[in-house]
Amino acid sequence: MAVLTYIEAIRQAMWEEMKRDEHVFILGEDVGRYGGAFKATQSLYQEFGPDRVIDTPISESAIVGAAIGAALMGMRPVAEMQFADFISCAFDQIVNFAAKSYYRWGAKVPLVIRAPSGGGVHGGPFHSQNPEGWFFHVPGLKVVAPSTPRDAKGLLKAAIRDDNPVIYFEHKLLYRRIKEEVDEGDYIVPLGRADIKREGKDLTVLTYGAMLHASIEAAQKVADEGIDAQVVDLRTLLPLDWEIIQECVKKTNRVLIVHEDTKTGGIGAELAATIADQTFEFLDAPIRRVASLDTPVPYSPPLEEYFLPNPKKIAAAMRDLARY
Amino acid sequence: MSLDRKKMLDMYYHLRLTRALEDRVRILYRQGKIPGGVYLSTGQEAISVGLTHALEPEDVIAISYRDLGALLTRGMAPASVFAQYLGKITSPTRGKDGSLHIGDLKLGIICPVSILADNIPVAAGIALAMKLMGKKNISVALFGEGASNRGDFHEGLNLASVKKLPVLYVCINNQFAYSTPLSTTMAIKDVATRAAGYNIPGQVLDGNDIFAVHSAVAEAAKRARQGEGPTLLECKTMRMTGHSEHDNANYIPKNLLEQWKKKDPILIMEKHLTEAKVLTKRLKEEITSRIAKGIEEGIKAAEEAPLPKGEEAEKDVYAPSS
């Protein structure tokens, strides 16, 4: 076991999958010799060559469209969006071509789109977004958002091996800030399975990505006050792991949803609606949400701080919920 | 003409089959039997038929929604096409999609989507896969002149050109994008001139002359196979129907249709085949009755097939992962 950062784990997953399966290749902007804007693909070009680590023009729609074409032929492309924000240019290819292909004509599109997302890095309105909500609403896609290096590696390997289009949101804030021991060698974290990252009995936090860490920190804060929060890392957002979610609701009877995406129409809304629908009798309090404000992501540090959820805001919501 | 007699008669058969099948679809539509839209290729069939005949069987074609000729040439059964229009469970999409949204990887045909030009980058990716897998095959994307105004046209051609991918881009210029004539949507006369922006060959040809299509495609395919990159072929033709069957197309000047009627691709081909003594009156009758028989059998099978059960809608959102 070696200690890897989140981004090193992502790189290792690609490296291992490219070694394991010659059909796996990478395409995107600056991913080749330069190694990617965040260096996620660093050294892959040198190891695997220009045929398997392909620099493309600034053409997000063609990156995804070409990846779809290659995937239809049995290749396993890993397409990089330089920033998740730019995925909007490829939206049509993703939602209309890739997502509907198997349903319409039985043709598999084993495609992974890596999308560096998230704020807290002063990236402003176009380098900070969390666009998972756009894709959460699209039948036929899978959406993944890891929070730890171990999950980042295992989920990316699972995504590459999956026969469906998978959007893999990797949180930029975590790239070099989060490290842990990661298994060397082959393992996967299956898609569609949530993970309880902190056991607790008083309330359940449902979260993912960078907010997992903010929620753990908040849980530690309120633990001294006698509030014992369970923190669930959803890991895969589409399809959601309703089994674990329901178990946790039944165990703790209180639910707090935390996501960095903006609040209205976010994944939290669907979680709250379905939990209320299916496990209403088990709830002792209203389902609460902590999310970003319903605004674009602002640039200036005090504005961004005000916009984003943080451990303080999450802890306040935990107290409120525990007291209810 | 380097084509042998058998090949020419095959092409003629598929051209006639395409026309006849769509004429029958039009009747079904007017009988109210088709629940959705019908977009036909009447008058422009020579392009997808001639093109498909000029390719190798392992080459992959990303068709657009009027390219029935490619499907039939690759062996898609008329019964399957009728079943698709009728929304039957036996359709290639099991009723999940309609119109000519038909694809089959075994036949090397990519199922189109309604968002035009999407297949242009997709075809580049297919060609990229051919290259990565060390195959000598190529891909083709078919699209209309209207689609060439979308960004995916630019992104796809640019990517294909800079990576020298083995792909052909075949523009079917049928003069109208729904109701809008080409002159009001682009400041150029020929879509082929756009090739200059990608430093690839661009060629204008008569899309109603099946032999012209065949030879231009064969030539461009050869270049692509030799690693010389993509070509943009613009096949001039005319959409002889409305955009769809609900559209009476009264915006198309009558005299324009009259002019193009004289250049009907079937008439042109028959004239050539008759002069070359390939097609006799008797042979033509034989082909006509063979086509009619195939179509009636196909329609019978499709009409007798059941509609899908409602709960089928929930199936196959995801591919089972291996």
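Which residue just after helix 4 of chain B takes a positive phi? I looked this up at the start: the residue is Gly87(B), with a phi of about 70 degrees. The model is a predicted one, and I read every entry below with that in mind.

**Helix 4**

I stayed with the helix that precedes Gly87(B). Helix 4 of chain B covers residues 78-86, and 9 of its 9 residues are buried, so the rest of the structure largely encloses this helix. I went through the buried residues by name: Pro78(B), Ala79(B), Ser80(B), Val81(B), Phe82(B), Ala83(B), Gln84(B), Tyr85(B) and Leu86(B). I then asked what they pack against, and found helix 1 (5-30), helix 3 (68-73) and helix 10 (281-304) of chain B.

**Helix 1 and helix 9**

Helix 1 of chain B led me to helix 9 (residues 265-275) of chain B; their axes come within 11 Å and cross at roughly 155 degrees. Angles over 145 degrees count as roughly antiparallel, and I therefore noted helix 1 and helix 9 of chain B as roughly antiparallel to each other. I recorded the crossing of helix 1 past helix 9 of chain B as left-handed. On the helix 1 side of chain B I listed Met8(B), Tyr12(B), Leu15(B), Arg16(B) and Arg19(B), which meet Pro265(B), Ile266(B), Met269(B) and Leu273(B) of helix 9 of chain B. I sorted the residues of this contact into 7 nonpolar, no polar and 2 charged.

**The sheet**

Next I traced the open sheet of chain B, in which 6 strands pair in parallel in the order 2-1-3-4-8-7. Strand 2 (109-110) and strand 7 (202-206) of chain B are the edges, each pairing on one side only. I looked inside the sheet at strand 4 (residues 167-173) and strand 8 (residues 231-236) of chain B, which run parallel and are joined by 6 bridges. For Asn173(B), I found the bridge partner in strand 8 of chain B to be Lys236(B).

I also checked helix 5 (residues 119-132) of chain B, which lies across strand 1 (60-62), strand 2, strand 3 (139-144) and strand 4 of chain B. Helix 5 runs at about 175 degrees to strand 3 of chain B.

**Contact with chain A**

Which elements of chain B give two or more residues to the side that touches chain A? I first noted that the contact takes 34 residues from chain B and 31 residues from chain A. The elements are helix 5 and helix 6 (151-162) of chain B. Helix 5 of chain B supplies the largest share of that side, 9 residues. I divided the residues on the chain B side of the contact with chain A into 19 nonpolar, 9 polar and 6 charged.

How values were computed: Residues numbered from 1 in each chain as written. Chains lettered and ligands numbered in written order. Predicted model: local features only at pLDDT ≥ 70, side-chain atom pairs only at ≥ 80, totals over all residues. Pairing = 2+ DSSP bridges. Helix = DSSP H or I, 4+ residues; strand = E, 2+ residues; numbered from the N terminus. Contact = placed C-beta atoms within 7 Å. Axes fitted to C-alpha atoms, helices over the stretch in contact; angles between N-to-C directions. Buried ≥ 20, exposed ≤ 12 C-beta atoms within 10 Å, placed from the backbone. Parallel < 35°, antiparallel > 145°, perpendicular 65-115°, else oblique. Left-handed = near helix turned anticlockwise from the far one by under 90°. Nonpolar A, V, L, I, M, F, W, Y, C, P; charged D, E, K, R; others polar.
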